[in-house]
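Have a look at the fold and its packing. The report below starts with the chain as a whole and then moves inward.

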Amino acid sequence: MEQSAWVEASSGVGAAPDRVEVLPVDSERAAARLTVLGVTTRSWLGSVVANSGGLVVGHGWLRVLGAGHEGLSDVAAELDARAGRLIVAFDVMGGQFGWGAFSTGLTPTNERSAVDE
């Protein structure tokens, strides 16, 4: 039986120093996004996609992508496989938070890029 990382992820949400709103999820849409991404709910990414439309942190200062919600794209829509990068969040200043390294043998990394970069 597959064990979801949502218990751990939602604990982090609950312990966050800022308010975090978990947006409602459409389960059919979430399942389709998991397939596109090729991830399961055993990962934090997969569990956020499966259990939320996204996460709104600090009254919108940071928007973490999930399965998508009104006004917030889904994480699969931000996949740029050619560049080996997946945008997972946006901040209020226009910055993008990405996860990279889709090539075999590379270590995944997190990065933030600002609008003026």
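What follows covers the overall make-up, the helix packing, the cores and a few single residues.

**Overall make-up**

The model is predicted. The protein chain has 117 residues, and 35% of them count as buried. Its secondary structure comes to 3 helices and 7 strands. From the N terminus the order of elements is α-β-α-α-β-β-β-β-β-β. The exposed surface is about 7,200 Å². Carbon and sulfur atoms supply 54% of that area. Take the contacts between residues at least 6 apart in sequence: 44% of them join residues at least 24 apart.

**Helix 1 against helix 3**

Helix 1 spans residues 6-15 and helix 3 spans residues 44-51. Their axes come within 9 Å and cross at roughly 80°. Angles of 65 to 115 degrees count as roughly perpendicular, so helix 1 is roughly perpendicular to helix 3. Helix 1 brings Trp6, Glu8 and Ala9 to the contact. Helix 3 brings Trp44, Ser47, Val48 and Asn51. By class, the residues of this contact are 4 nonpolar, 2 polar and 1 charged.

Helix 3 has further partners. Its buried residues are Gly46, Ser47, Val48, Val49 and Ala50. These buried residues pack against helix 1, helix 2, strand 2 (54-57) and strand 3 (62-65).

**Two cores**

The largest nonpolar core has 15 residues. Leu37, Val49, Leu65 and Val75 have the most contacts inside it. Helix 2 (27-37), helix 3 and strand 5 (85-91) each supply at least two residues of this core. Leu37 is in contact with Val49, Val75, Ala76 and Leu86, leaving aside its neighbours within four places in sequence. Another core lies apart from the largest one. This other core has 5 residues, among them Trp6, Val13, Val48 and Leu55. Trp6 and Val48 also take part in the contact of helix 1 with helix 3.

**Val49, Arg33 and Ala67**

Val49 lies in helix 3. Is Val49 buried or exposed? Val49 is buried, with a relative accessible area of 0%. Leaving aside neighbours within four places in sequence, Val49 is in contact with Val25, Ala30, Arg33, Leu34, Leu37, Gly66, Ala67 and Val75.

Arg33 sits in helix 2. With residues up to four places away in sequence not counted, Arg33 touches Val49, Ala67, Asp74 and Ala76.

Ala67 lies in the loop between strand 3 and strand 4 (79-80). Ala67 counts as buried, at 0% relative accessibility. Which residues is Ala67 in contact with, leaving aside its neighbours within four places in sequence? They are Val25, Arg29, Ala30, Arg33, Val49, Ser52, Gly53 and Asp74. Arg33 and Val49 are thus partners of Ala67, and Arg33 and Val49 also touch each other.

Three pairs set separation along the chain beside distance in space.

| Pair | Separation in sequence | C-alpha to C-alpha |
|---|---|---|
| Val49 and Ala76 | 27 residues | 9.2 Å |
| Arg33 and Ala76 | 43 residues | 5.9 Å |
| Ala67 and Ser27 | 40 residues | 8.5 Å |

Ala76 appears with Val49 in one pair and with Arg33 in another. Ala76 is a contact of Arg33 and a contact of Leu37.

**His59**

One loop residue deserves a separate look. His59 lies in the loop between strand 2 and strand 3. What is the phi of His59 near? The phi of His59 is near 60°, a positive value in a residue other than glycine. Most residues other than glycine have a negative phi. His59 is exposed, with a relative accessible area of 65%.

**In brief**

Helix 3 crosses helix 1 at roughly 80°. Helix 3 also supplies at least two residues of the largest nonpolar core. Val49 of helix 3 is among the residues with the most contacts inside that core. Ala67 reaches Val49 from a loop: Ala67 lies between strand 3 and strand 4, and Val49 is among its contacts. His59, in another loop position between strand 2 and strand 3, is exposed.

Technical notes: Residues are numbered from 1 along each chain as its sequence is written. This is a predicted model: local features need pLDDT of at least 70, side-chain atom pairs count only at pLDDT 80 or more; totals for chains, interfaces and linings use all residues. Side-chain values use heavy atoms; hydrogens and water are left out. Axes are lines fitted to C-alpha atoms, for helices over the stretch in contact, and angles run from 0 to 180 degrees between N-to-C directions. Helices (H or I, at least four residues) and strands (E, at least two) are DSSP runs, numbered from the N terminus. Angles under 35 degrees count as roughly parallel, over 145 as roughly antiparallel, 65 to 115 as roughly perpendicular and the rest as oblique. Contact means heavy atoms within 4.5 Å. Ala, Val, Leu, Ile, Met, Phe, Trp, Tyr, Cys and Pro count as nonpolar, Asp, Glu, Lys and Arg as charged, and the others, Gly among them, as polar. A nonpolar core is a set of buried Ala, Val, Leu, Ile, Met, Phe, Trp, Tyr and Cys residues joined through side-chain atoms within 4.5 Å. Buried means under 20% relative accessible area, exposed over 50%, partly exposed in between (1.4 Å probe, protein chains only). Accessible areas come from the Shrake-Rupley method with a 1.4 Å probe; for residues, only the protein chains shown count as cover.
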